[in-house]
Amino acid sequence: MITEPHVNDYINSLSGDLPPYLDRLEQYALEAHVPIIRKEAQSFLCFLIREYNPSRILEIGTAVGFSAQLMAEASKGTVTTIEKVEMRLKEARKNLKCSPNADRITLIEGDALSVLKELEGPYDFIFLDAAKGQYMNFLKEIMRLLPVGGHLLTDNVLQEGSLAGSKFAVERRDRTIHMRMREYLYTITHSDRLDTVILPVGDGMALSRKI
Ligand code: SAH
Ligand code: MG
């Protein structure tokens, strides 16, 4: 956790209730250790969706379909979401099929690296929440799919805050992920095609707007 737990708890105590079906899915995910979007980041994501009112949302990293349904609740547009792991897909198919917003959610099965290449934009809001070491590899296609004025929200960019620590304090595997994430963050904060702010919300989020 980046912010102190009691600060987080306090913020979360003020956030509104989820619809019961999402509340149940969140409970399930927490128990099954599925890494879904954190409470404090949920409020931020929903706020952004209501504020920007995108007509086509793209999510990279469905897991069991929690955030896809959350975004559908917050918007009037469509949500396209990509997942590659069969174990997750099994749950996602089931959850999205009986979602109250099923008619506005499309699940695409496959590796985002290849799926993105096949997609036709524009998607005016993109939620990037997949394998943290791959963000750099998705960026080219994301830039193609995102229209000028469109928003990209990237999750888990601070890795519990450890990304900002010494590179010698982390395990070798994490060191590679950190290196890649730092490269991604440097790129999106220094690109002349993106305006980006990095926020210590949840596990760290980067909000970018294409310019
Ligand atoms: N957005 C979800 C959580 C996603 S967890 C929520 O908040 O409810 C990240 C997911 O991305 C995992 O289920 C993982 O299997 C998936 N993933 C990772 N790399 C991927 C890739 N290259 N293509 C598609 N899915 C990927
Ligand atoms: Mg995440």
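Reader: How far does a polar side-chain atom of S67 lie from a nitrogen atom of ligand 1?

Author: This is a predicted model, and the distance is computed from its atoms. A polar contact needs a pair of N or O atoms within 3.5 Å. S67 is one of the closest residues around ligand 1. The distance from its polar side-chain atom to a nitrogen atom of the ligand is 2.8 Å.

Reader: Which oxygen or nitrogen contacts do the side chains of D129 and R88 make with ligand 1?

Author: A polar side-chain atom of D129 is 2.8 Å from a nitrogen atom of ligand 1. For R88, an N or O atom of the side chain pairs with an oxygen atom of ligand 1, at 3.4 Å.

Reader: How much of the accessible area of ligand 1 does the protein cover?

Author: On its own, ligand 1 has 580 Å² of accessible area. Ligand 1 sits in the largest pocket. The share of that area covered by the protein is 94%.

Reader: Which elements give two or more residues to the shell around ligand 1?

Author: The shell holds 22 residues, with G61, S67, E83, A112 and D129 the closest. By class there are 11 nonpolar, 5 polar and 6 charged residues. The elements that give two or more residues are α4 (66-74) and β2 (78-83).

Reader: Is S75 buried or exposed?

Author: S75 is in the loop between α4 and β2. A polar atom of its side chain lies 3.3 Å from the backbone nitrogen of G77. The cut-off for buried is under 20% relative accessible area. S75 has 7% relative accessibility, so S75 is buried.

Reader: Is K97 buried or exposed?

Author: K97 belongs to helix α5, residues 86-97. Its C-alpha is 9.5 Å from that of L107, and the two are 10 residues apart in sequence. A residue over 50% relative accessible area counts as exposed. The value for K97 is 72%, so K97 is exposed.

Reader: How far apart in space are D103 and T78, C-alpha to C-alpha?

Author: D103 lies in the loop between α5 and β3 (105-109). Because its relative accessible area is 69%, D103 is exposed. D103 and T78 are 25 residues apart in sequence, and their C-alpha atoms are separated by 8.4 Å.

Reader: What is the phi of H33, and is H33 buried or exposed?

Author: Most residues other than glycine have a negative phi. H33 is not glycine, yet its phi is positive, near 55°. H33 lies in the loop between α2 (20-31) and α3 (39-52). With a relative accessibility of 69%, H33 is exposed.

Reader: A63 also has a phi near 55°; is A63 buried or exposed?

Author: The phi of A63 is positive, in a residue other than glycine. A63 is found in the loop between β1 (56-60) and α4. Its relative accessible area is 13%, and therefore A63 is buried.

Reader: Which residues does a cis peptide bond join, and what is its omega?

Author: Most peptide bonds are trans. A cis bond is found between G121 and P122. P122 is in the loop between α6 (112-118) and β4 (125-128). The bond joins G121 and P122, and its omega is about -5°.

Methods
Residues numbered from 1 in each chain as written. Chains lettered and ligands numbered in written order. Predicted model: local features only at pLDDT ≥ 70, side-chain atom pairs only at ≥ 80, totals over all residues. Heavy atoms only, no water. Near = heavy atom within 4 Å. Polar contact = N/O pair within 3.5 Å; in protein donor to acceptor, adjacent residues only side chain to side chain. Areas by Shrake-Rupley, 256 points an atom, 1.4 Å probe, with all protein chains shown as cover. 1 Å grid on protein atoms, 1.4 Å probe; cavity = no way out; pocket = protein on both sides within 12 Å on 5 of 7 lines; lining within 4 Å. Sits in = over half its atoms within 2 Å of the grid points. Helix = DSSP H or I, 4+ residues; strand = E, 2+ residues; numbered from the N terminus. Nonpolar A, V, L, I, M, F, W, Y, C, P; charged D, E, K, R; others polar. Buried < 20%, exposed > 50% of the residue type's maximum accessible area, 1.4 Å probe, protein only.
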